[in-house]
Amino acid sequence: MAFYYDLRDWLEQVEEMGELKRVHGADWNLEIGAIADIVTKNPRNSWALLFDEIKDYPAGYRVLTGILNSPRRLALTVGFESKFGDREFVLAWRERLNTLKPIPPVVVKKGPILENVHTKGEINLFEFPSPMWHELDGGRYIGTGSATITRDPDEGWINIGTYRVMIQDEKTVAFYISPGKDGRIHRDKHLRRGEPCPVAIVVGEDPLLFLASILPLTHTQDGFKDEYEWIGGVRGEPFEVIEGKVTQLPIPAQAEIVLEGFAYPGDEKIEGPFGEWTGYYASQQRPEPFIKVEAVYHRNNPIICGAVVSRMPSDFTHAYELVRSAQLWNELEAAGVPEIRGVTCYQHRFITVVSIKQQYPGHAKQTAMLAMQCHAGAYLGRYVIVVDDDIDIYDFSQVLWAVATRVDPIKDIEVVQNCWSSPLDPIIPPGDKGLASRAMIDATKPYKWLAQFPPSILIKPELKAHVKQKWSGQDLFEV
Ligand SMILES: Cc1cc2nc3c(=O)[nH]c(=O)nc-3n(C[C@H](O)[C@H](O)[C@H](O)COP(=O)(O)O)c2cc1C
């Protein structure tokens, strides 16, 4: 199957699928955020929204939301022929990740991103209709569904991560990166040495680049030098990049908007507050390094890719849960955990559920500890729940049934303190941010007396099929 070329090609295909709605005349000030939030919350529709003719802006300067918020768009983004249910997606994606061969990006001299290049006095970040997403936000955020590119000053590898970007003035943006994230490590290494940190921010991008930049991919563990090699592997062809004139960082040739500049040691501006993926304004306002923008590139009629952050679910929550689950499952297997039957997440990353077919005493604990601390699981989790393979982990009521009936709290819930958290964690008081505890809930039947554990009520598949067939005319079993 041929991959879409860029965001615009992707949008055409989404429109053909009947999943794109165009919204004309919304105000960048709160209306875009409100419309996108309401649409995201409606389970009966899952459109991508393309806002055009935005108040105060020329027609053609657009904002896109809801990018990955449907199974079909997620499938299109990763090159699957058809949409899958959650379980099938996780299995197929796991398989794809396990067989990916890295393909390095190709450096090209030309690309649509060079249609407009502004430097020095020509730079005005208010040229773009960056939304004021929610009422309590501290300013307009041009970067929510964006991708920030940095380079490790020691080893030279590139990282691409989604870290929010707030407009400070015509030529300055603040960016927020949580401690421990790759971009933060790069930035801090530069600044600690007293050197400027080169940064490029891609504001409208290939949805696959967005997916790569929200995933906790590690160049050491996942066999890729950087996210570009990973994207090349998924696409089966090299991703085209152009060398940024200011920072020499590789920027996508077909991006919509790119900002290039430097953060400087000792220079900070107030960032936030911003309505975060947890649904709160927990990291509040703090001084953060900011970027003096030295070049702005954009296509004609550029599109800002926005992510509508909200009380969960946001418009990226479910897609993130699926791709994270597949990655976590692979990491557990790589760490030697046998007989894993499923992995899923709820509430973005706060709750991870793993089902296993127990093989030996301690199997469940081994699973829980690794799920809590492997790379895909380590950052800002809250609960890991391990269940037996008779539990359908995609049905949260079954997971709760296991927690309610197979857990003796004194023995089966353990809390580990001082784990990797973030200033975004709403339950940690302001002075203690950075570390949080994790609960491991072993909701499997106790291995020690597995054979004596009370049998559970069961309707055999044959009986199910029989009664469904016999009473098929009465609409009894349809949902
Ligand atoms: C829509 C969205 C917005 C995000 N914004 C931020 C952010 O502002 N700061 C941050 O540190 N992480 C943010 N994240 C999480 C990171 O993108 C994610 O942890 C990613 O793995 C970071 O890349 P890295 O592992 O290469 O550092 C966001 C994630 C999503 C899905």
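This is a short exchange about a predicted model, covering its pockets, its sheet and some unusual backbone spots.

Trainee: How many residues line the largest pocket, and which lie nearest its centre?
Mentor: The space in the largest pocket comes to about 730 Å³. Its lining has 34 residues. Nearest the centre are T162, Y163, K181, I214 and W277.

Trainee: Which elements give two or more residues to the lining of the largest pocket?
Mentor: Look for helices and strands along the wall of the largest pocket. One is a strand and one is a helix. They are β8 (158-161) and α6 (207-214).

Trainee: How do the residues of that pocket lining divide into nonpolar, polar and charged?
Mentor: Take the lining of the largest pocket by residue class. Tyr and Trp count as nonpolar here, and Gly counts as polar. The division is 18 nonpolar, 10 polar and six charged.

Trainee: What about enclosed space: how many cavities of 30 Å³ or more does the structure hold, and about how much space lies in the largest cavity?
Mentor: A probe the size of a water molecule, rolled over the atoms, shows where space is left empty. Four cavities reach 30 Å³ or more. The largest cavity holds about 80 Å³.

Trainee: Which elements give two or more residues to the lining of the largest cavity?
Mentor: The largest cavity is lined by 13 residues, with L217, T218, H219, D226 and E227 nearest its centre. By class they are five nonpolar, three polar and five charged. The elements that give two or more are β8 and α7 (227-235).

Trainee: β8 keeps coming up. Are its faces covered or open, and which residues are on each side?
Mentor: In a regular strand, side chains alternate between the two faces of the sheet. Buried means under 20% relative accessible area. Both faces of β8 are covered, with all four of these residues buried: I158 and I160 on one side, N159 and G161 on the other.

Trainee: Which residue in the hairpin of β7 and β8 takes a positive phi?
Mentor: Strand β7 (147-151) runs antiparallel to β8, joined by four bridges. T150 faces N159 across that pairing. Six residues lie between the two strands. The one with a positive phi, near 85°, is G156.

Trainee: On to the five-strand open sheet. Which strands stand at the edges, and why is one side of each left without a neighbour?
Mentor: The order is β17-β18-β19-β21-β20, with mixed pairing. Each edge strand has a single partner, so one of its sides has no neighbour in the sheet. The edge strands are β17 (340-346) and β20 (413-420).

Trainee: How many bridges join β18 to β19, and which residue in β19 stands opposite V354?
Mentor: Strands pair through backbone hydrogen bonds, either parallel or antiparallel. Here β18 (351-356) and β19 (383-388) run parallel, joined by six bridges. Opposite V354 stands V386.

Trainee: Which helix lies across β17 and β18, and which packs on the sheet touching β21?
Mentor: Helix α8 (317-334) lies across β17 and β18, at about 140° to β17. The other helix touches β17, β18, β19 and β21 (435-443), and makes about 80° with β21. That second helix is α11 (396-406).

Trainee: Where is M312, and is it buried or exposed?
Mentor: M312 sits in the loop between β16 (303-305) and α8. Among its contacts are K41, W277, H348 and F350. The C-alpha atoms of M312 and H348 are 7.7 Å apart, though 36 residues separate them along the chain. The cut-off for buried is under 20%, and M312 has 17%, so M312 is buried.

Trainee: Which residues do the cis peptide bonds join?
Mentor: Most peptide bonds are trans. One cis bond, with omega about -10°, joins G272 and P273, and P273 is in the loop between β14 (257-271) and β15 (286-298). Another, with omega about 0°, joins M312 and P313.

Trainee: What are the phi values of Q248 and Q284?
Mentor: Most residues other than glycine have a negative phi. Q248 is in the loop between β12 (240-243) and β13 (250-252), and Q284 is in the loop between β14 and β15. Q248 is partly exposed at 39%, and Q284 is partly exposed at 43%. Phi is positive in both: near 65° for Q248 and near 50° for Q284.

Note on methods:
Residues are numbered from 1 along each chain as its sequence is written. This is a predicted model: local features need pLDDT of at least 70, side-chain atom pairs count only at pLDDT 80 or more; totals for chains, interfaces and linings use all residues. Side-chain values use heavy atoms; hydrogens and water are left out. On a 1 Å grid over the protein atoms alone, a cavity is a set of points where a 1.4 Å probe fits but cannot get out, and a pocket is an open set with protein on both sides within 12 Å along at least five of seven lines; lining residues have an atom within 4 Å of a point. Grid points are joined across faces, edges and corners, and a volume is the space filled by probe spheres set on the points. Two strands pair if DSSP finds at least two bridges between them. Contact means heavy atoms within 4.5 Å. Axes are lines fitted to C-alpha atoms, for helices over the stretch in contact, and angles run from 0 to 180 degrees between N-to-C directions. Buried means under 20% relative accessible area, exposed over 50%, partly exposed in between (1.4 Å probe, protein chains only). Lists of a residue's contacts leave out its neighbours within four places in sequence.
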